[in-house]
Amino acid sequence: MRVLVNNWDGGHTVPSRRLYPHQWSWDSAFIAIGNARLSPRRARTELLSLFGAQWHDGRVPHIVFNPQVPEAAYFPGPAFWGVRAPSGSATSGIVQPPVHALAAWKTYEADPDLGFLHRLYPRLVAQQEFLRAHRRGRDGLISIVHPWESGMDNSPAWDEPLRHVETANVGFVRKDLDAICADERPTDDDYERYIALALAYRESGYLDAGDFQIEDPLFNVAYAVAEHALARIAHELGLDPEPHEREAAAMTAALTHQLFDGALFQPRDARTGRLIRSASVAGLTPLLLPGLPGKVADTLIDTALDLFSLKDGLLPSYSPAAAGFDAARYWRGPSWINLDWLVWQGLKDRRPELATGLADGMLCAAAHAGLREYFDPATGRGHGSRDFSWSAALVLDLVAEHGMKSVPAAGRDIGQELRCFGEADHVADRVADQVPA
Ligand code: 2M8
């Protein structure tokens, strides 16, 4: 609660005060899921402010820049992207996984407000239409055009496709290393490629996919989950949910036929048509799809137990058994609460006992290390920024649903704070009046 309150900027929540001082797209969705437990009004505002910067073509930019924050506070900032939304807000030109319809639905479930759904539904539909119109390939899968669009920016899965990206030779100064030590962040070499790809996309008017075109399981799962959520929203609004259900089913089939390698879902390089043999936790997220064939789901759970040590608590973002794993560096192995939360959602109905263990693992990590950006999957040690918003938000959601029984009495600061409201039947009952609307 403290983290969410301190990171609130009046209309949105920054992911982290120092490292990420603007509004990020998928962060806002996860933050809304937590705020729905605390202040549904803030959850609605968070999503509506993000979609306020939606472009005419339907894309929801991955960063909406806060004009009050100096250019030098984040790189690459508004001058680099050089583009504004119709609303006038400076934004980036790329997108992130479309987890927002799910967040909108969860916000509505916490506090049914039809007016909110009325406002957001057409915008959520336009977000999906952008992806269909501009990013969908022949086999029905959607491509991302930059590692930052995956949300899992530095995954070892992107090493191979990034090798073919020419570096930019433009001078730039990284800001992230002012806040976080270099061995927990991407290398300079990775950054050069990120910048080269972003510059090429900018030069095409944010239209032409360049040297990086990947059909990523997580992104496509998010798209299908969004269609399921849109079906529910449409139903509430008295509209026909059927087209959304059909679209979700088609995407589930496309994912299963094209990206499942018999053990895990893999990204595919859309330029070569080849699967990228890797071991990312993104490959477990199809567990979220209700239409996933039972045998495929069972195999994925076996893989989670085997390659990702699901029973040990936290899920790593990349399998420790695979080349490229690094327990402390950004998306190359540490556990991230948002990915673990997504897999937890996918396990709850299928294997409740495994879901419970995963929830315990997330809560214990937060209790011991604080609401860090990422965690060593074996030791639970915290890495990256502190007071990270989606860690706070999703822990709040977990506490509300799962309770606090697993958190050890001798936790550090966060354990103390959580225990203050651990006995509440429902977190929202205890906290609603502590936070100004
Ligand atoms: C990280 O990405 C940004 C670039 O978008 C960065 O490193 O500067 C990623 O973890 C991304 O998934 C996340 O949305 C963002 C803000 O938390 O930080």
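This report describes the surroundings of the ligand and the cysteines in a predicted model.

## Where the ligand sits

The ligand occupies the second largest pocket of the structure, and there are 16 residues around it, of which Asp-27, Tyr-74, Gly-151, Asp-153 and Tyr-330 come nearest. Sorted by class, this shell is made up of 10 nonpolar residues, together with three polar and three charged ones.

## Polar contacts and burial

Gly-151, which is among the residues that come nearest to the ligand, places a backbone N or O atom 2.6 Å from an oxygen atom of the ligand. Asp-153, also listed among those nearest residues, has an N or O atom of its side chain 2.9 Å from a ligand oxygen atom, while for the side chain of Gln-96 the distance between an N or O atom and an oxygen atom of the ligand is 3.0 Å. The ligand would expose 420 Å² if taken alone, and the protein buries 99% of that area.

## Cysteines and disulfides

When the whole structure is searched, zero disulfides are found. A disulfide is a covalent bond that joins the sulfur atoms of two cysteines.

Two of the cysteines can be described by their accessibility: Cys-181 has a relative accessibility of 41% and therefore counts as partly exposed, and Cys-364, with a relative accessible area of 23%, is likewise partly exposed, because that class lies between the limits of 20% and 50%.

Terms used
Residues numbered from 1 in each chain as written. Predicted model: local features only at pLDDT ≥ 70, side-chain atom pairs only at ≥ 80, totals over all residues. Heavy atoms only, no water. Near = heavy atom within 4 Å. Polar contact = N/O pair within 3.5 Å; in protein donor to acceptor, adjacent residues only side chain to side chain. Areas by Shrake-Rupley, 256 points an atom, 1.4 Å probe, with all protein chains shown as cover. 1 Å grid on protein atoms, 1.4 Å probe; cavity = no way out; pocket = protein on both sides within 12 Å on 5 of 7 lines; lining within 4 Å. Sits in = over half its atoms within 2 Å of the grid points. Nonpolar A, V, L, I, M, F, W, Y, C, P; charged D, E, K, R; others polar. Disulfide = S-S within 2.5 Å. Buried < 20%, exposed > 50% of the residue type's maximum accessible area, 1.4 Å probe, protein only.
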